[in-house]
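Okay, thanks for coming, everyone. I'll put the structure up on the screen and then walk you through a few places in it.

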Amino acid sequence: MVARPNAFGEVRAELDHNALDLAFFEWRDYKTLFESTDRFIVVGRRGAGKSALTYQLKKVWSGRKFPLILVAPNEDELIGLRPIGRMFGNSVMRIRAGVRLAWRYALLMEVLQALAVDYKSKSRVEGEPLLREHLSRWRRAGATIVSRLRHTMKEFAGTSLAEEERIADLADYLSLHHVTNLISLVAENSAQTFIVLTDRLDEGYEPDDVGTGLIDGILYGTDEVRTALGGSVRAVVFIRDNIFSAIETEDNDFSRNLESQVLRLHWDPQELFYMVCARIRSLFGITKESDVKVWNSITANELHGRDGFKSCLKHTLYRPRDVIALMNSAFYQAQRQSRSVLISDDFEEAAKDISKARFMDLGKEYEAVIPGTKALTASFSGRSPKMLASEAMLLLERTLA
């Protein structure tokens, strides 16, 4: 057996669908999300597995013939939503209020499209003039949910001039109450469960009031569709940890309205160990049942066992992306020396290679929440990893000054 570089399939940060198809590990949070409908907001740091979860849930639910609506805007699309947020003012609360109504309508129209092509509910949709009118207008508006929403809101923008009026008038303009009731009845009679998966909301996100209000409104709008359509809609929204922190800070109502519906992604060492062993089995065709034996088959004696794996984890932030990058780089180091097993030096060298990228990730993730994060952390560069608290405080004070 010869170790191969990039063996785990994730050379940089891309999602490797082939690796997921062959060796997706159903860890605790995945099972919670799959089996429970209580929590629809999934929060995770960079590399915690949000996009992998989106892919796997889409694959499984599509395989079970659930009608699926995937919302995954590109950077330019999310940036294109910012003018919609500005239509309602410059505070998070006002932007949230307007975007909540707009996004609720957008999701309802996507559900209506699915109902209109289903043989069980098609005749009921066609039998409601109001639904036919809205569906026809929605289909003409664009190719994606974001482009359709932008076109719809451009038409609305000319009907009300004041920001407060726009928030008050939007529901009437969209016939939101009536449309919601009609779609709810049709969806209930269809006896189907529609899946709405929303990912990549960090694409084009800017950490200002408009950016925060947009995402906040999307969360509230999604929750209102879930509530209005009851068991007919199951929604999951993935957002990054730093965006969630900004919403928690700026939205005074969040803890009361949505906090209980949040699932935070977390990986413990045991789950990461199982994930790695699943990929090793798939990659090398190993048939051993014991995860420890699988791990031992590609590592030298000093790294054997669960404790050996934990010693490798010290080079990571306990995220799947970190572990995968570390394993890829370690395999590459072993191959350069024509070795078939990984040794401690491989992981030491690998850690040096990926540490800069990991450091940059942290800076990008938290700079918006804690301004100056990059400069403050960089001030420790080249210094001893151990120092007195008083020395650290002095260093930080100098950097802040």
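Let's start with Ile41. Leaving aside residues up to four places away in sequence, Ile41 touches Leu219, Val237, Ile239, Phe254, Leu258, Gln261, Val262 and Leu263. Ile41 sits in strand β1, which covers residues 41-44. So is Ile41 buried or exposed? It counts as buried, because its relative accessibility is 0%. And then look at Phe25: Phe25 and Ile41 are 16 residues apart in sequence, but from C-alpha to C-alpha they are 21 Å apart in space.

Before I go on, please keep in mind that this is a predicted model.

Now the whole chain. What does the secondary structure come to? For this protein chain, 21 helices and five strands. The C-alpha trace spans about 70 × 60 × 30 Å along its principal axes. There are 401 residues in the chain, and buried residues make up 50% of them. If you take contacts between residues at least 6 apart in sequence, 74% of those join residues at least 24 apart.

On the surface side, the chain exposes about 19,100 Å², with carbon and sulfur atoms supplying 50% of that. As for charge, I count 54 positive and 55 negative side chains, and the centres of the two sets are 4 Å apart.

Okay, a couple of helices. Helix α6 runs over residues 92-116. It has 25 residues and reaches 35 Å from its first C-alpha to its last, close to the 36 Å expected at 1.5 Å a residue. How many of the residues of α6 are buried? The number is 21 of the 25, so α6 is largely enclosed by the rest of the structure.

Then there's helix α3, residues 50-63. That one has 14 residues, and the reach from first C-alpha to last is 20 Å, close to the 20 Å expected at 1.5 Å a residue. Its buried residues include Leu53, Tyr55, Leu57, Val60 and Trp61. Lys50 and Gln56 are among the buried residues of α3 too. And α3 is followed by Lys65, which has a positive phi, near 70°.

That brings me to backbone angles. As background, most residues other than glycine have a negative phi. Here are two more places to look at. Ser175 has a phi near 50°, a positive value in a residue other than glycine. You'll find Ser175 in the loop between α10 (163-173) and α11 (176-190). Ser175 is partly exposed, with a relative accessible area of 23%.

Next is Ala191, which isn't a glycine either but has a positive phi of about 60°. Ala191 is in the loop between α11 and β3, where β3 is residues 194-198. Is Ala191 buried or exposed? Exposed, because its relative accessible area is 67%.

Since this is a bench crowd, let's talk cysteines. How many disulfides does a search of the whole structure find? Zero. A disulfide, as a reminder, is a covalent bond between the sulfur atoms of two cysteines. Why is Cys277 not in one? Because the closest cysteine sulfur, in Cys312, is 11 Å from the sulfur of Cys277, which is too far for a bond. Coming at it from Cys312, that residue is in no disulfide, and its nearest cysteine sulfur is that of Cys277. Cys277 is buried, with a relative accessible area of 0%. Cys312 is buried as well, at 4%.

Last stop is helix α18, residues 320-336. Ser329 is in that helix, and Ser329 is buried, with a relative accessible area of 11%. What does Ser329 touch, not counting residues up to four places away in sequence? Ala350 and Asp353.

Arg321 is found in α18 too, but this residue counts as partly exposed, because its relative accessibility is 23%. Arg321 and Glu271 are 50 residues apart along the chain, and 14 Å separates their C-alpha atoms.

That's my tour. Happy to go back to any of these places on the screen.

Conventions:
Residues are numbered from 1 along each chain as its sequence is written. This is a predicted model: local features need pLDDT of at least 70, side-chain atom pairs count only at pLDDT 80 or more; totals for chains, interfaces and linings use all residues. Side-chain values use heavy atoms; hydrogens and water are left out. Helices (H or I, at least four residues) and strands (E, at least two) are DSSP runs, numbered from the N terminus. The expected span of a helix is 1.5 Å times one less than its number of residues. Buried means under 20% relative accessible area, exposed over 50%, partly exposed in between (1.4 Å probe, protein chains only). A disulfide is a pair of cysteine sulfur atoms within 2.5 Å. Contact means heavy atoms within 4.5 Å. Accessible areas come from the Shrake-Rupley method with a 1.4 Å probe; for residues, only the protein chains shown count as cover. Lys and Arg count as positive and Asp and Glu as negative; His and the chain ends are not counted. The place of a charge is taken as NZ of Lys, CZ of Arg, CG of Asp or CD of Glu.
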